[in-house]
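Please open the model in a viewer and keep the selection panel at hand. The stops below are arranged so that each selection leads on to the next.

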Amino acid sequence: MARSLAEATIRGNNVVDVELKYTNNGSAMLRLRLAVERWRRKNEEWEKTNQSFFNVVLWGDLAESTAEIIEKGQRIEVKGCLLYTSPSPRDLSTSRMPSS
């Protein structure tokens, strides 16, 4: 059986303050959150049609070196493997979708 892997490239703006943290065993960890906007051309102007947010976690040496150069609001590109986690019942009780 062939192995499969979910890889992705995401380009967006980091919308959180960068804070390097360390686990109890000393491993470096850096969390980022990317905002990705979709645009379309309508007549002679561009309009935003959608915005998605992606949580990104970096580990080890990559986390430490990235923390030195990334800032909130900076446009970045991330390449890596996707990991989907199901929302907990607590997360489902509070909607993150804007009301219309």
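Contact, as the word is used on this tour, means heavy atoms within 4.5 Å. The model is a predicted one: local features need pLDDT of at least 70, side-chain atom pairs count only at pLDDT 80 or more, and totals for chains, interfaces and linings use all residues. Residues are numbered from 1 along each chain as its sequence is written, and side-chain values use heavy atoms, with hydrogens and water left out.

**Stop 1: Val56 and the nonpolar core**

Select Val56 and display its surroundings. Not counting residues up to four places away in sequence, Val56 touches Leu30, Arg31, Leu32, Leu34 and Val78.

Extend the selection to Ile10, Ala28, Leu30, Leu32, Leu34, Val36, Val56, Leu58, Ala63, Ile70, Ile76 and Val78, the 12 residues that form the largest nonpolar core. A nonpolar core is a set of buried Ala, Val, Leu, Ile, Met, Phe, Trp, Tyr and Cys residues joined through side-chain atoms within 4.5 Å. Buried means under 20% relative accessible area, exposed over 50%, and partly exposed in between, with a 1.4 Å probe and protein chains only. At least two residues of this core come from each of strand 3 (28–42), strand 4 (45–59) and strand 5. Strand 3 provides the largest share, five residues. Strands (E, at least two residues) and helices (H or I, at least four) are DSSP runs, numbered from the N terminus. In soluble globular proteins, nonpolar side chains tend to be buried together.

**Stop 2: the partners of strand 1**

Switch to a cartoon view and select strand 1. Two strands pair if DSSP finds at least two bridges between them. Strand 1 runs antiparallel to strand 5, with seven bridges joining them; within this pairing, Ile10 stands opposite Val78. Strand 1 is also antiparallel to strand 3, to which two bridges join it. Here Asn13 is the residue to select, with Ala35 of strand 3 opposite.

**Stop 3: Asn14**

Where does Asn14 lie? Asn14 belongs to strand 1, and its relative accessible area of 1% makes it buried. Beyond its neighbours within four places in sequence, Asn14 is in contact with Leu32, Arg33, Leu34, Ile70, Glu71, Lys72, Gly73, Gln74 and Ile76. Measure from a polar atom of the Asn14 side chain to the backbone nitrogen of Arg33: the separation is 3.3 Å.

**Stop 4: Arg11, Glu77 and Lys79**

How many salt bridges does a search of the whole structure find? The search finds five. A salt bridge is a side-chain nitrogen of Lys or Arg within 4 Å of a carboxyl oxygen of Asp or Glu.

Select Arg11 and Glu77, which form one of these bridges, with the closest N and O atoms 2.5 Å apart. Because Arg11 lies in strand 1 (residues 7–14) and Glu77 in strand 5 (residues 75–81), the pair ties together parts that are 66 residues apart in sequence. Add Lys79, which forms a salt bridge with Glu77 at 3.8 Å between the closest N and O atoms. Arg11, Glu77 and Lys79 are thus linked in a network of salt bridges. Coloured by accessibility, Arg11 counts as exposed at 52%, Glu77 as partly exposed at 41% and Lys79 as exposed at 63%.

**Stop 5: Arg40 and Glu47**

Next select Arg40 and Glu47, a salt bridge whose closest N and O atoms are 2.7 Å apart. Arg40 is partly exposed, with a relative accessible area of 45%, and Glu47 is partly exposed at 25%.

**Stop 6: Gln51**

Move to Gln51 in strand 4, a partly exposed residue with a relative accessible area of 34%. Not counting residues up to four places away in sequence, Gln51 touches Ala35, Val36 and Glu37. The C-alpha atoms of Gln51 and Ala35 are 6.7 Å apart, although the two residues are 16 apart in sequence. The side chains of Gln51 and Glu37 make a polar contact of 3.4 Å. A polar contact is a pair of N or O atoms within 3.5 Å; within protein, one must be able to donate a hydrogen and the other to accept it, and residues adjacent in sequence count only if both atoms are side-chain atoms.

**Stop 7: Tyr22**

Finish at Tyr22, in strand 2 (residues 20–22). Is Tyr22 buried or partly exposed? Tyr22 is partly exposed, at 47% relative accessible area. Its contacts, leaving aside neighbours within four places in sequence, are Ser27, Ala28 and Glu64. With Glu64, the Tyr22 side chain forms a side-chain polar contact of 2.9 Å.
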